[in-house]
Amino acid sequence: MSNRIMDFIEKSNKVLLFFAAIFVIIVVGKNVLEDIMRKDYSPPTVQVIKSDDTKAIERKVKLEKQYVGLINDVHIFEITSDRVVQEQPYSSSAERIVISSSFGLSENAVNLMFTKIGEQRKLLFEKNALIVEFSPSRDKQTQYDKMLSKNIYSVAKYDSNNDGFLNHHDKKELLVSEYDGSNLTPVMDDIKGYEVVDNDLVLIYSASDTDTLYFIFNIRTGELQKLDTAW
């Protein structure tokens with residue numbers, strides 16, 4: 001009888017140890033998975049606030065100005081924000097100024113300010129939009145950069161996928177302007193991206209339901225032509 005009790009206790013301990021090990025594995029695995037998800041997850045950059053959301057509009061949108069760089073005689077500042085109120089004009093009062101030596105834009109840049117000494121500043125957009133990519137004009141060709149007679153912008157204006165944010169997943173528009181931000185001109189809607197392939201030549205790629213479409217845009221002439229890349 002005593003041996004049976006001892007065997008029962010020994011088997012019970014083994015079963016308890018087994019379930020305890022399973023529990024530890026589940027807890028550790030859950031924590032590891034959460035850490036991985038936190039590292040891989042990149043939150044959207046600019047939250048979209050609909051214009052009919054009165055309470056959201058009353059909450060002040062935080063805007064910041066940051067120095068981007070100099071093109072000829074024009075100093076460029078970026079306007080950054082964590083939120084965008086769609087269909088509401090940009091207010092020119094920013095909360096603070098940050099100076100940076102980099103000519104790249106922040107991930108939450110929603111406007112550009114162009115200003116010359118002794119002249120009134122000019123905003124690129126009347127209404128804020130996310131600037132996904134920006135290629136400034138360049139007078140000279142270098143080993144790494146081609147000549148560009150105009151500035152190029154890839155811009156997400158609307159939350160096309162309705163996830164509540166403006167980011168690179170939304171439909172983007174390609175626009176160009178003079179070096180000082182004037183004469184802003186739309187080139188193509190619903191693009192995936194672009195690449196400067198030669199002096200004043202831009203490769204634009206867009207997507208159809210079944211394939212990726214490619215176009216060549218001549219900045220100097222304004223000519224947009226589709227490339228035949230069908231299978």
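**Figure 1. Asp190, a strand residue with a positive phi.** Asp190 is found in strand S12. This is a predicted model. The phi of Asp190 is near 55°, a positive value, and the residue is not a glycine. Asp190 is partly exposed, with a relative accessible area of 35%. Strand S12 covers residues 185–191.

**Figure 2. Asn72, a loop residue with a positive phi.** Asn72 sits in the loop between strand S2 (63–71) and strand S3 (74–81). Its phi is positive, about 55°, although Asn72 is not a glycine. How much relative accessible area does Asn72 have? The value is 46%, and Asn72 is partly exposed.

**Figure 3. The whole protein, for orientation.** The protein has 231 residues, and 33% of them count as buried. Its secondary structure comes to two helices and 16 strands. Take the contacts between residues at least 6 apart in sequence: 50% of them join residues at least 24 apart. The protein exposes about 15000 Å². Carbon and sulfur atoms supply 54% of that area.

**Figure 4. Strand S11 and its cover.** Strand S11 spans residues 172–177. Is S11 largely enclosed or largely open? Six of its six residues are buried, so the rest of the structure largely encloses it. Both faces are covered. On one side lie Lys172, Leu174 and Val176, which are buried. On the other side lie Glu173, Leu175 and Ser177, buried as well. The charged residues Lys172 and Glu173 thus belong to the list of buried residues in S11.

**Figure 5. The strands that pair with S11.** Strand S9, residues 151–156, pairs with S11. The two run in the antiparallel sense, over five bridges. Tyr153 has Leu175 of S11 as its bridge partner. S11 also pairs with strand S12. Here four bridges join the strands, again antiparallel. Which residue of S12 stands opposite Lys172? It is Ile191.

**Figure 6. Ser154, a buried residue in S9.** Ser154 lies in strand S9. How accessible is Ser154? Its relative accessibility is 0%, so Ser154 counts as buried. Ser154 and Leu174 are 20 residues apart along the chain. Their C-alpha atoms are separated by 4.7 Å. Residues up to four places away in sequence are left out of the contacts that follow. Ser154 touches Leu130, Ile131, Val132 and Glu133. It also touches Lys172, Glu173, Ile191 and Tyr194. Two of these residues, Lys172 and Glu173, are buried members of S11.

**Figure 7. Asp180, buried without a salt bridge.** Asp180 is placed in the loop between S11 and S12. Asp180 is buried, yet it has no salt bridge. Which side chain of opposite charge is nearest to Asp180? That side chain is Lys116, 4.1 Å away. A salt bridge needs the charged atoms within 4 Å, so the pair does not count as one. Asp180 does have a polar partner: a contact of 2.7 Å joins its side chain to that of Ser182. Leaving aside neighbours within four places in sequence, Asp180 is in contact with Val74, Phe114, Lys116 and Lys122.

Notes:
Residues are numbered from 1 along each chain as its sequence is written. This is a predicted model: local features need pLDDT of at least 70, side-chain atom pairs count only at pLDDT 80 or more; totals for chains, interfaces and linings use all residues. Side-chain values use heavy atoms; hydrogens and water are left out. Buried means under 20% relative accessible area, exposed over 50%, partly exposed in between (1.4 Å probe, protein chains only). Two strands pair if DSSP finds at least two bridges between them. Lys and Arg count as positive and Asp and Glu as negative; His and the chain ends are not counted. A polar contact is a pair of N or O atoms within 3.5 Å; within protein, one must be able to donate a hydrogen and the other to accept it, and residues adjacent in sequence count only if both atoms are side-chain atoms. Contact means heavy atoms within 4.5 Å. Accessible areas come from the Shrake-Rupley method with a 1.4 Å probe; for residues, only the protein chains shown count as cover.
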